[in-house]
Amino acid sequence: MAPVKRNIKTNNTNNTKKIKAVLLSSAVGMAITSVLLFVLAFIMTKIDFPQKTVFPLALICSIVGLFLAGFICCKFLKSGGLLYGLLCGVIIYAFSFICELAIFNREITVVALYKLIIYIVSSMIGGVVAVNFNQNPLKTKKYR
């Protein structure tokens, strides 16, 4: 039996492409979240918001940024919506968690677990939506 030759260079370039897509889309997602949080902070200086609404509104901004991070990553890669959405969510959560610990110096609570779940689920949903976004049902084969 002849040995199987694998194209290692192509495999490495595919992996590099995937890593770059995940890191770049995570950075874009963090930038979008930052802009949304900045806009929210600006609105809060103009309008008097109750203190109870600050955390949910900030979480909504994060969800939108994470959804777009998963969407951008999987739109570029065209496959693996759950996996690459998960990776984007974990990267952004890790960055957010480390910054939160460094700045606020609080103890870790159950809220951190809730945030992890919300971050991962929202970026995974963005990835799945991106993979299924441009599938034209008219071009699919009809079975009779």
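This is a dialogue between a reader and an author about a predicted model of a protein chain.

Reader: Where should I start, and how many helices and strands does the protein chain have?

Author: Welcome! Start with the overall plan. The protein chain has four helices and zero strands, and its pattern along the sequence reads α-α-α-α. Please keep in mind that the model is predicted.

Reader: What share of the 144 residues counts as buried?

Author: In the protein chain, 24% of the 144 residues count as buried. There is also a figure for how contacts link up the chain. Take the contacts between residues at least 6 apart in sequence: 76% of these join residues at least 24 apart.

Reader: Let me try a single helix. What span should the 24 residues of α2 have?

Author: Multiply along the helix at 1.5 Å a residue, and the 24 residues of α2 should span 34 Å. The end C-alpha atoms of α2 are 35 Å apart, which agrees. You can repeat the exercise on α3, residues 81-104. Its 24 residues should also span 34 Å, and the end C-alpha atoms are 33 Å apart, so this helix agrees too.

Reader: Which residues of α2 are buried?

Author: A general idea helps here. An α-helix has 3.6 residues a turn, so residues three or four places apart point the same way. Now look at α2, where the buried residues include Leu-59, Ser-62, Leu-66, Ala-69, Gly-70, Cys-73, Cys-74 and Leu-77. In α3, the buried residues are Gly-81, Tyr-84, Gly-85, Cys-88, Gly-89, Ile-92 and Tyr-93.

Reader: What comes just after α2, and what is the sign of its phi?

Author: Most residues other than glycine have a negative phi, and most peptide bonds are trans. Lys-78 follows α2 with a positive phi, near 65°, although Lys-78 is not a glycine. This residue is found in the loop between α2 and α3. Lys-78 counts as exposed because its relative accessibility is 66%, and the cut-off for exposed is over 50%. Just after α3 you can find another positive phi, about 55°, at Asn-105.

Reader: Now for pairs of helices. At what angle do α2 and α4 pack?

Author: Two packed helices are described by the angle between their axes and the distance between the axes. Helix α2 (residues 54-77) and α4 pack at about 40°, and their axes are 7 Å apart. The two helices are therefore oblique to each other. Their crossing is right-handed. The residues in this contact divide into 14 nonpolar, six polar and two charged. Among those on the α2 side are Phe-55, Leu-59, Leu-66 and Phe-71, while the α4 side includes Val-111, Ile-118, Tyr-119 and Val-129.

Reader: And how do α3 and α4 pack: at what angle, and with their axes how far apart?

Author: For α3 and α4 the angle is about 145°, with the axes 7 Å apart. Here α3 passes α4 in a right-handed crossing. Among the residues making the contact are Leu-82, Leu-86, Val-90 and Phe-97 of α3, together with Ala-112, Leu-116, Ile-120 and Val-128 of α4. Here the division is 14 nonpolar, six polar and two charged.

Reader: Is Ser-123 buried or exposed?

Author: Ser-123 lies in helix α4 and counts as buried, because its relative accessibility is 0%. Leaving aside neighbours within four places in sequence, Ser-123 is in contact with Leu-66, Phe-67, Gly-70, Gly-85, Leu-86, Cys-88 and Gly-89.

Reader: What about Lys-115: is it buried or exposed?

Author: Lys-115, also in helix α4, counts as buried at 13% relative accessibility, since buried means under 20%. Not counting residues up to four places away in sequence, Lys-115 touches Phe-55, Tyr-93 and Glu-100.

Reader: Which residues fall between those two classes, and how does Ile-125 count at 44% relative accessibility?

Author: Ile-125, in helix α4 (residues 110-131), counts as partly exposed at 44%. Its C-alpha atom is separated by 9.2 Å from that of Leu-86, which is 39 residues away along the chain. Leu-87, in helix α3, is partly exposed as well, with a relative accessible area of 35%. Measuring from C-alpha to C-alpha, Leu-87 and Ser-26 are 8.7 Å apart in space, although 61 residues apart in sequence.

Terms used
Residues numbered from 1 in each chain as written. Predicted model: local features only at pLDDT ≥ 70, side-chain atom pairs only at ≥ 80, totals over all residues. Heavy atoms only, no water. Buried < 20%, exposed > 50% of the residue type's maximum accessible area, 1.4 Å probe, protein only. Expected span 1.5 Å × (residues − 1). Axes fitted to C-alpha atoms, helices over the stretch in contact; angles between N-to-C directions. Parallel < 35°, antiparallel > 145°, perpendicular 65-115°, else oblique. Left-handed = near helix turned anticlockwise from the far one by under 90°. Contact = heavy atoms within 4.5 Å. Nonpolar A, V, L, I, M, F, W, Y, C, P; charged D, E, K, R; others polar.
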